[in-house]
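Trainee: I would like to go through the pockets and one helix of this model. Please set each term against its criterion.

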Amino acid sequence: MKSACTERWLQEMRECAAAISAILAVTHPQLFDAGCETLTHLPKQYPDLADFIEKWPFVFTAVTLISNRESPLHRDTKSSSDLWMDILASIGGDGAVLELASYGVRARWNSGSVAAFCGCKVLHGVSRTSAERLCIACYMKDAVHERAGVMRPGWPVLPGDKEIKVNYSTCCLK
C-alpha cells in the first residue's frame, strides 16, 4: 500500500463499511454476493493491487466522499447500472434534507441516516446546511465486475413461497 494515510483510513472505515455492506446484504442479496465474488477474483487478476483489495472494507467497488455540499436534484448519470442499488450514509451535522423527488419523499438527512436507492434512476438531492457533515456514497461499477468476470445481477428477488420482485425504480415509498 502506497500511503500510510490511505491504509489508516481503510482500517478506520471497517466498522462503517461492514454496516453499510450488511444493509446491502439485506436489501439486495444478489448484488451483495456479486460484490463479494468480484472482490475475491480481483486480487488474482491484479496481483499488484492484491494488498489494497484485501484491505478494502466495503463490498461495494466504489466509494465517494462528499463533504459539506449541497447537492441539487440530479440523477447519477455516470453510475454503472440502472439495476443496482447505491447506499448513502450521512455523518456529522444535522439539518439537511434528502429529497427523493422521483418518489415525492423529503426526509431529514441527519447524522446516522442511511438511504438505499438506484441513483441513476431516482431523481435525488440534499439541501444546504451550515453544519459540518460528510456523505459516504457507496456504489458498484460495471467495469470492475466485468473485469472480474462476474455477472451483473438484476433487481433484488426476495425468497419465499412466492418470489417477490422489488423494482426500486417504480415502487412508491410515501
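Mentor: This is a predicted model. Its largest pocket holds about 440 Å³ of space.

Trainee: What makes a residue part of the lining of the largest pocket, and how many residues line this pocket?

Mentor: A lining residue has an atom within 4 Å of a pocket point. The largest pocket has 21 such residues, and Ile66, His74, Asp76, His124 and Ala137 lie nearest its centre. Strands E1, E2, E3, E7 and E8 each give two or more residues to this lining. The largest share, five residues, is from E8.

Trainee: Which classes make up the lining of the largest pocket?

Mentor: Nine residues are nonpolar, six polar and six charged. The second largest pocket, with a volume of about 260 Å³, has nine nonpolar, one polar and one charged in its lining. Among its lining residues are Leu39, Leu42, Phe52, Trp56 and Arg147. H5 gives the most, three residues, while H3, H4 and H5 each supply at least two.

Trainee: Why are Leu39 and Leu42 of H3 called buried?

Mentor: Buried means under 20% relative accessible area. Leu39 and Leu42 are among the buried residues of H3, as are Leu31, Ala34, Gly35, Thr38 and Pro43.

Trainee: How do you know that the buried residues of H3 line one face?

Mentor: Seen down the helix axis, the buried residues of H3 fall within an arc of 160°, so they line one face. They pack against helices H2, H4 and H5.

Trainee: What is the span of H3, and what is expected?

Mentor: H3 has 17 residues and reaches 25 Å from first to last C-alpha, close to the expected 24 Å.

Note on methods
Residues are numbered from 1 along each chain as its sequence is written. This is a predicted model: local features need pLDDT of at least 70, side-chain atom pairs count only at pLDDT 80 or more; totals for chains, interfaces and linings use all residues. Side-chain values use heavy atoms; hydrogens and water are left out. Helices (H or I, at least four residues) and strands (E, at least two) are DSSP runs, numbered from the N terminus. The expected span of a helix is 1.5 Å times one less than its number of residues. Buried means under 20% relative accessible area, exposed over 50%, partly exposed in between (1.4 Å probe, protein chains only). The arc is that of the directions from the helix axis to the C-beta atoms. Contact means heavy atoms within 4.5 Å. On a 1 Å grid over the protein atoms alone, a cavity is a set of points where a 1.4 Å probe fits but cannot get out, and a pocket is an open set with protein on both sides within 12 Å along at least five of seven lines; lining residues have an atom within 4 Å of a point. Grid points are joined across faces, edges and corners, and a volume is the space filled by probe spheres set on the points. Ala, Val, Leu, Ile, Met, Phe, Trp, Tyr, Cys and Pro count as nonpolar, Asp, Glu, Lys and Arg as charged, and the others, Gly among them, as polar.
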